[in-house]
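Here are some notes to keep beside you as you look at this structure for the first time. Take them in order, with the 3D view open.

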Amino acid sequence: MELRTANEMETMQLAEKLGNIVTAGTLITLEGDLGAGKTTFTKGLGKGLGIKRPINSPTFTIMKIYEGGRLPLYHIDAYRLEGLEQDLGFEEFIYGEGVCVIEWYMFIEDLLPEDRLEIKIEYEGEDARKITIIPHGNMYEELVKELG
């Protein structure tokens, strides 16, 4: 599925719509250049989950947990984990009872299950974005149909 958004608000609205339909155990991987909108997308997702707390990038803390919504949101930024081979203990979040979002997932891809919702965010102008949603696995194919 390929979508286009004209501005940050539309990107957040798309993610909010997804946040309204995700279920426990959902894994979302986000790919995009610095500033492309990965954290903006996660903010919209959190809004769809009913999370009131401000969501910001976990770049320096690696992971943030947001509760208080319909499901907990586990927000991981793997940018600083490239080449790390030790057990990071993320399994309880990736396979947990919430929704796990991983930015820069390619740095820990070997640790991730094949089934997931892959989202690529690309610049198409100053504010416009092309968002490509790729489902991996039956659960995610159904999720994309529902989002569609």
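The points below go from the sheet to its helices, then to two loop residues and a pocket.

1. A word before you start: this is a predicted model. Please keep that in mind as you read on.

2. Begin with the sheet. Seven strands form an open sheet with mixed pairing, and their order is β1-β7-β6-β2-β5-β4-β3. At the edges you will find β1 (2-5) and β3 (63-66), each of which pairs on one side only. From one strand to the next, the twist averages 20°. As general background, strands of a sheet pair through backbone hydrogen bonds, and they can do so in a parallel or an antiparallel way.

3. The β3 edge is a good place to see pairing in detail. Strand β3 runs antiparallel to β4 (residues 73-77), and four bridges join the two. If you would like one pair to look for, Ile65 has Tyr74 in β4 as its bridge partner.

4. Next, add the helices. Helix α1 (residues 8-21) packs on the sheet and touches β1, β2 (26-31), β6 (116-123) and β7 (129-136). The direction of α1 makes about 135° with that of β1. Helix α2 (residues 38-49) also packs on the sheet, where its contacts are β2, β4, β5 (99-103) and β6. Between the directions of α2 and β5 the angle is about 170°.

5. Trp104 deserves a look of its own. You will find Trp104 in the loop between β5 and β6. Its phi is near 60°, a positive value in a residue other than glycine. For context, most residues other than glycine have a negative phi. Is Trp104 buried or exposed? Trp104 counts as buried because its relative accessible area is 15%, under the 20% cut-off.

6. Lys52 sits in the loop between α2 and β3. With a relative accessible area of 77%, Lys52 is exposed, since the cut-off for that word is over 50%. Follow the chain for 16 residues and you reach Gly68, whose C-alpha atom is 7.3 Å from that of Lys52.

7. Finally, visit the largest pocket, which has a volume of about 310 Å³. Its lining has 21 residues, and Gly35, Ala36, Gly37, Lys38 and Thr39 lie nearest the centre. The elements giving two or more residues to this lining are α1 and α2, with α2 supplying the largest share, three residues. By type, the lining residues are five nonpolar, eight polar and eight charged.

Terms used. Residues numbered from 1 in each chain as written. Predicted model: local features only at pLDDT ≥ 70, side-chain atom pairs only at ≥ 80, totals over all residues. Heavy atoms only, no water. Pairing = 2+ DSSP bridges. Axes fitted to C-alpha atoms, helices over the stretch in contact; angles between N-to-C directions. Contact = heavy atoms within 4.5 Å. Buried < 20%, exposed > 50% of the residue type's maximum accessible area, 1.4 Å probe, protein only. 1 Å grid on protein atoms, 1.4 Å probe; cavity = no way out; pocket = protein on both sides within 12 Å on 5 of 7 lines; lining within 4 Å. Points joined across faces, edges and corners; volume = space filled by probe spheres on them. Nonpolar A, V, L, I, M, F, W, Y, C, P; charged D, E, K, R; others polar.
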